[in-house]
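Grab a coffee and open the viewer: here are a few exercises on reading strands, charges and surface. Try each task yourself before you look at the worked solution.

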Amino acid sequence: MLNAIDRRVLKEVAELEGIPKGAYNIRKNGKLLGREVSANINIETNEKGDGIIIDIKPGTVNESVHIPVILSQAGLHDTVYNTFIVGEGADVTIIAGCGIHCGGKESEGHSGIHEFQIKAGAKVKYVEKHIALGDGTGRRILNPTTKVFMAENAQVEMELTQLGGVDEAKRFNEAKIGAGSVLLITERVMTDGEQVAESRNEIELIGTDSKANIVSRSVIKGNSSQDFYVNLTAFAKCYGHIECDAIIMDNGRNQTIPALRALHPDAEMTHEASIGKIANDQLMKLMSLGLDYDAAVNRIIQGFLK
């Protein structure tokens, strides 16, 4: 069922050695490769046949669902629409992501559009990792879209990671946060060579006592570039924070534009941003402990991204 390339991609994207336990849906080259449901998590193809609906029953706890995508077909640009319905009081983990294996001259791409309907009191940890592998020269393109709609007293933690091999990426995150709900987004992106990455975020704090914390960590190497945009808008008494930090190396380029809009007198909103190189004192300290220059740089980058 899984060949050597499939196994390598799954390991990189979802830390899987093979078929996962519990509920899962594995998509390969635009088609279903394997699916399993559980008593509390149902997965079915949507009406148009261009994605899936993941329905998690109210009260479901200590369960996870894996929905990785494998792309290894030259010239294929795959688009998928997935809907997640997380029932009241559920507490689950969702592991997603896409791995591209490029072995030729033709480009390959994946656009995953994910919509989350988070019901009252539900908690979700969403882990999404993107990576591209292979010795081919074709461009590897990933354009993820994430839309989150949160009812009251819900919590969503999102870890969004892209750490290698992707030539072009355009991400869009949208969220509407209800009363007493909390959204945490941590985005980690590393680019190199001529790679480009763009992330746009539209976050709305709609309900009373809603909270949002948006964190971006960027490493820009070679001649690559990254742009990060956030619009955080408050419509009620709430708290919102944006934190953007970037390390530039070589001839890298970065643009970071956080924007806060308070449309309620009791909104509390803050942001901080920094762009710079690796500090020499950090390098010297690690090198004094026996690391060479490259190892010291890698240690600092890995710590920064974590």
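## Exercise 1: Follow the pairing through β13

V127 has a bridge partner in β13, and that partner is E159. Keep in mind that you're working with a predicted model.

**Task.** Find which residue in β15 stands opposite E159, and work out how many bridges join β13 to β15.

**Solution.**
1. Start with strand β10, residues 123-133: this strand and β13 pair in the parallel sense, over 8 bridges.
2. Now step across to strand β15, residues 182-191; 8 bridges join β13 to β15, and the two run parallel.
3. Go back to E159 and look into β15: T186 stands opposite.
4. Put together, E159 is the bridge partner of V127 and also stands opposite T186.

## Exercise 2: Two faces and two partners of β7

**Task.** Sort the residues of β7 into a covered and an uncovered face, then say in which sense β7 and β9 pair.

**Solution.**
1. A handy rule first: in a regular strand, side chains alternate between the two faces of the sheet.
2. Apply that to residues 77-86: the covered face of β7 has D78, V80, N82, F84 and V86, while H77, T79, Y81, T83 and I85 make up the uncovered one.
3. Look for partners. Strand β4 (residues 52-56) runs parallel to β7, with 4 bridges joining them, and D55 stands opposite I85.
4. With strand β9 (residues 108-118), β7 pairs in the parallel sense over 10 bridges; here H77 stands opposite G109.

## Exercise 3: Salt bridges, buried or partly exposed?

**Task.** The whole structure has 11 salt bridges. Take the pairs R27 with D78, D167 with R140, and E198 with R200, and decide whether the residues are buried or partly exposed.

**Solution.**
1. Why pair at all? Side chains of opposite charge can pair when their charged atoms come close.
2. R27 and D78: their closest N and O atoms are 2.8 Å apart. The pair links distant parts of the chain, with R27 in strand β1 (residues 23-28) and D78 in strand β7, 51 residues apart. Both R27 and D78 are buried.
3. D167 and R140: the closest N and O atoms are 3.9 Å apart. D167 sits in the loop between β13 and β14 and R140 in strand β11, so this pair ties together parts that are 27 residues apart in sequence.
4. Use the cut-off for buried, under 20% relative accessible area. D167 comes in at 18%, so it counts as buried; R140, at 7%, is buried too.
5. E198 and R200: their side chains meet at 3.1 Å, N to O. E198 has 23% relative accessibility, so it counts as partly exposed, and R200 is partly exposed at 36%.
6. One extra to look up: R217, E243 and D245 are joined into one network by salt bridges that share partners.

## Exercise 4: A nonpolar patch

**Task.** Which residues form a nonpolar patch on the surface with I206, and where does L263 lie?

**Solution.**
1. The patch is formed by I206, F235 and L263, with about 270 Å² of accessible area together.
2. L263 lies in the loop between β20 (253-262) and β21 (267-276).
3. Its relative accessible area is 49%, so L263 is partly exposed, given that exposed means over 50%.

Key
Residues are numbered from 1 along each chain as its sequence is written. This is a predicted model: local features need pLDDT of at least 70, side-chain atom pairs count only at pLDDT 80 or more; totals for chains, interfaces and linings use all residues. Side-chain values use heavy atoms; hydrogens and water are left out. Buried means under 20% relative accessible area, exposed over 50%, partly exposed in between (1.4 Å probe, protein chains only). Two strands pair if DSSP finds at least two bridges between them. Patches are made of residues with over 30% relative accessible area and no salt bridge: like charges are joined within 9 Å, nonpolar side chains (Val, Leu, Ile, Met, Phe, Trp, Tyr) within 5 Å. Accessible areas come from the Shrake-Rupley method with a 1.4 Å probe; for residues, only the protein chains shown count as cover. A salt bridge is a side-chain nitrogen of Lys or Arg within 4 Å of a carboxyl oxygen of Asp or Glu.
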